[in-house]
Amino acid sequence: MRRGLRRIRRLLTVAAMVVLACTVSLAQTLHLPPHERVVLKNGLTLLLLEKRGVPLVNISAIVKAGAAADPAGEEGLAATTAGLLRKGTKKRSAQQFAADLDYIGGEFEAEAGPDFTTINMEFQTKDFARGLDLYADVLIHPAFPQQEAEKFLAQEIDGVKAAKDDPQSVMMSYYSGYLYGMHPYGHPPAGDEISLKQIRREDAAKFYATNYAPGNTILAVAGEFNAAEMKAKLSEAFGAWESRAVNSAAIPGVVPSKEKRLLLVDKPDASQTYFAIGNTGIAANDPDRVAIRVVNTIFGGRFTSELNEALRVESGYTYGAQSFFDQRKVPGPFVIFSFTKNETTTPAIDLTLQVLAKLHKEGVTQDQLKSAKSYIKGQFPPNIETSRQLARTIATHEFYGLGDDEVNELEARLDAVTPEMARQVIQKHFPAENLLFVLIGKASAIGPAVQKYAANQDTRLLSDPGFWPAPATGKK
Amino acid sequence: MGFGGIWAGVLCATLLSAGGVRGQAEYAVSARTLKNGMKVLVQTDHSIPNVALYIFYRIGSRNERPGTTGLSHFFEHMMFNGAKKYGPGDLDKVMEANGGANNAYTTRDVTVYQDWFPRAALSLIYDIESDRIRDLNFDPQKVKSEREVVASERRLSVDNENGGVLDEQLWATSYIAHPYQWPVIGWMSDIEHWTMEDLKHHFEMGYSPNNATMVVVGDATADEIFRLCETYIEPIPTHPPPPAVTTVEPPQTGERRLIVHKRAELPLLMVGYHVPQSNSSDFYALNILRTILFQGESSRMYQRLVDKDQIALEVTSGLEPSFDPTMVEVVAQPKQGVDPQACEKAIYEEFERVGSAAISDTELEKAKNIRLVEFYRQMRTINGRANTIGTYEVFFGDYNKLFETAKNYSAVTKEDVRRVAKVYFDANNRTVATLLPENAEKAKP
C-alpha cells in the first residue's frame, strides 16, 4: 500500500463522517438528492431519500447522546448501551436476532461517538418488512438481559487490551484524555479497563431510558424504494414508540490548553514512535469551517500536503503524516499525527514543528489555494455515493443544525475563500505555541531526548489500565 | 454531468420489479484488447461525475526470489516517483491539483494502481499513466528515501502489529517451496539491500502492456475510453511477460506449529489450511462453508467460541484471490486468561461437525443470501465495481464470471460443503501459529 493511515481514520468513523458531512464540497452541478423531512407526532424526526443503483436500503438513526454523556467513572456506558441493543429484546433473544439478521444478509452496527450514538442497518429492498421489524425491535424494545450484559462487558474490557496491542488504534483515546482531561470529550468512547468494570446492566437500561426517545432521535432512511410508500410503513413502525421527555445535558464549552504539555506512553518493545501534536480545534458549525478545510488540505489533509511532503516524500522519516480537525458540537481536537523509527523521533518532531511554524510565517500561496479547492471538489462526490453515506450525511446535518447548503453551496463557499481568509484562519485556528504532545514509544530510547518539547511532562505504561495519566505521576 | 442520472432511474426501477439478481444487463461491461495486448474493460455509470481507473499488473511477490523479497511492493512505490514527462513529485501534485487522488496495492499475485478523479481529468490521467508505463525513471535519491518509507511501512504493519508478525510467520512456515512463503512487504534485510539493477529488471519483467488489465468505471463512455487508449496506451511497446512460476507447493502431510514470543496484552491464534487457487471449482463451496462457520453472530464459530464458551473475543476467516494454491486463514483472538489451545480445540471440533453431519437448509440459504448482499455491496460504488470487475477478469479468467457468482453460489449443495470441510480442513493440512505474550503470566489460565 502506498498510504496506510486508514486505521486511525477508521477509529474515527463517526467523527470522520461528521467532518465529511460538514466541510467538504463538490462541483456546482452537484447537490444532495432531494429528500423529505417529517416529524412524527411522538417527536421522531424522519428523513427519507430515494437512491437507485443497487437494491439495498439503509436505516441510520442518530440518538442525541454519545460518549460525552457518560457519567464520570462509567466511561463506555453509551457504547455499552448501543452494543447491547441487539443482545435481546422483549420478543427476541440475542441469538434469535443474530439468526434473523444474518438470514437476510443484513448488516447492523450500533456505536457511540462523542456527540451521539448511531444505529445503522442495511438489507435488501425485497426484505424490507423483515428488516424494518428487526430494526424497530432493537431500537424500541431492547431488554438488556443480565447474562448478555456480563458477556458483553467482559469482552469489551479485553477489547481495550487487544486495541493496546496496536498503538495507532489507541492514540486518539490517549490524546483526547490528555487534551480534555475531565471535560466529557476526554472520555474514551469505548471506555477503558477500569470504567467498564463499574458498569452494570441497570446502568445501560437507565442510559437507554434517559436518552433513547423519539424526540431525541433522528432516523434517516435511504435506498431503493418508493418514498411515499416507505413513509407510511416507517410512520407505522416508529409511530408506536412512546414519546418521553428527555433532559440531555449540554456539552460544556472547551478551553484550549494554555501550556506546552507532553505525555509519553511507554511501550518498551516499540521500534517506532507514534506521535500526536495539537490542541483543541473547531465546532461543526464554526463559520470558518470551509476556509479551515482548504488550509488543512494544504497543511496535512492530502498526499502532497506540506506535512506529508516534508516527513515522507522529502525525508523518508515516515510512511505517512496527516492533520485533521475533528468537528463536533463544541470544539473537537485538532491533531497532527505521524510515526517514525526510534532513532529519528526528534528529527521528525522537529520537522513537524518547522512545517507548522512555516504555515504561520508564510501562509499559503494562491496556487496552493487553487489546487486544494480543486482537490476537495474532485474528491467529494464518492462521499455521497451510497445509501449509507447519504443517510448518514443528512442525519448528521440535521443533528448539527446544518442544512443541505452544506453540500449544495459548498463550491461557492470554497470559491469565496481568499488568501486573506486563509491567513486569518491560520492565525485563529491552527495552534502555534501551546502545543500538546502525546507520544507512544520506547521510553528508555526516546525519553531524555523528547524532554525539550515541554516543561510539563507525564509518563505512563501502555499496559497500565485506562488512558488518562495516573494521578500519582502528575507534573514533573 | 450532474446527479440527474440517478433520478432518471427508470432502468433500475424496471429491474427491481423483475425481482431477479442483477448482472450483465444492469452493469454492462464493454471490453477491448489493444494491439499491444492490454485488455480494457469499461462500465459506464453517471451517478456521480467521477471515474475510477484501475490497472492490474500480473506481477506480485510470487515473481520474486530470496534476496529481493518485497521488490514488487517497493516498485509499486517507485511508480509514483517520476517518469519522463512527470518528474519526481509531479504525478501527485498535478493529479491532486486537478481533483484526483491515487493509491496502489500489492499482493502475492498482482500489483494494482488506482486513480479516482472527476471526469474533467480523464485525458490528464491517461497522459500520466502512459508516461509511467512507458518511461519510468529511477532517481537514486528517490530510491534512497522511498526505501526508508517502506521500512517505516513495515514497522507499522508488521513489526509493531501482532497480527502482522504472526501472519508473516504462518505463511513462512506453511509454505516450504512456493514463493507464497515470503511476505509481500519483504524481509527487512531485503528492503535494505535491493539494487538499482533489481528495480530495472523488475520493471522490464512486469510492466509490459500485455501483462496488464485496465478497468474504468464511472462517468465515461466506452467509446471515449477506447479512444483515449488508442492515443495514450496502444503505442506503448510490449516486451516478454514474467517467466511462469513453476514451483508447486508439495502437499502438506502433517500439522506444523510455531510460536511467537512477544510483548503483548493478549495472545493471538492463527490456523492456516492449504486450499486451491481462485479459479478452482471448489472456490464457491469453500466460501459457503466459511460463511456458515464465520460470518455474522449466528455463525457456528461465533456461537461456539464467543457466545457459548466465551473463550474468544473474535473469530474470523480469510481467503484472498490467488493464482496458485493458497490458504484459508482462521484468526481467533482469545480472551484474557484463556489458553489459545482451548480456542484451537473448539475450532477443530466445529470443522469436524460440518464434515461428519449435515448442515441445515436454513444455514445454506442464509449463506447464499449473505453472499448475494455482499455482491451488491461490492457493486454499489464505482470504486468497488472497478476492483471487483478487475479481480474477476484477472483471477477467474473472465469478468463475466462476476455476473455468474449468484448462480454459482446457488448451485452449491450441502454435500459440497461437507466435502470441502472434510478434504481441506484436516489436521495434516494445517499450520498453527500462536503468539504468546512475553509478559505471559497474566495470559495463562
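The centres of domain 1 and domain 2 of chain A, taken over C-alpha atoms, are separated by 27 Å. In this predicted model, local features need pLDDT of at least 70 and side-chain atom pairs count only at pLDDT 80 or more, while totals for chains, interfaces and linings use all residues. Residues are numbered from 1 along each chain as its sequence is written, and chains are lettered from A and ligands numbered from 1 in the order in which they are written.

Domain 1 of chain A covers 6-239 and domain 2 covers 261-393 + 401-461; the bounds come from an automatic or database domain assignment. Between them, 41 residues of domain 1 of chain A are in contact with 44 residues of domain 2 of chain A, a contact being two residues whose C-beta atoms, placed from the backbone, lie within 7 Å. On the domain 1 side, helix 2 (13-23), strand 3 (56-63), helix 7 (167-180) and strand 6 (217-223) of chain A each supply at least two residues. Helices (H or I, at least four residues) and strands (E, at least two) are DSSP runs, numbered from the N terminus.

In chain B, domain 1 spans 4-232 and domain 2 spans 256-443, with 27 Å between their centres, taken over C-alpha atoms. Here 34 residues of domain 1 of chain B are in contact with 32 residues of domain 2 of chain B. Helix 7 of chain B gives the most to the domain 1 side, with nine residues.

The two chains also meet: 63 residues from chain B and 63 residues from chain A form the contact. Helix 6 of chain B gives the most to the side that touches chain A, with ten residues.

The table lists three of these sides by residue class. Ala, Val, Leu, Ile, Met, Phe, Trp, Tyr, Cys and Pro count as nonpolar, Asp, Glu, Lys and Arg as charged, and the others, Gly among them, as polar.

| Side | Nonpolar | Polar | Charged |
|---|---|---|---|
| Domain 1 of chain A, touching domain 2 of chain A | 29 residues | nine residues | three residues |
| Domain 1 of chain B, touching domain 2 of chain B | 15 residues | 13 residues | six residues |
| Chain B, touching chain A | 24 residues | 23 residues | 16 residues |

A nonpolar core is a set of buried Ala, Val, Leu, Ile, Met, Phe, Trp, Tyr and Cys residues joined through C-beta atoms within 7 Å; buried means 20 or more other C-beta atoms within 10 Å of the residue's own, with C-beta atoms placed from the backbone. The largest such core has 205 residues, and A:M171, A:V221, A:V294, A:V295 and A:V438 have the most contacts inside it. Helix 7 of chain A gives the most to this core, with eight residues. Apart from it lies another core of 53 residues, including B:M270, B:V271, B:L293 and B:C343.

Terms used:
Buried ≥ 20, exposed ≤ 12 C-beta atoms within 10 Å, placed from the backbone.
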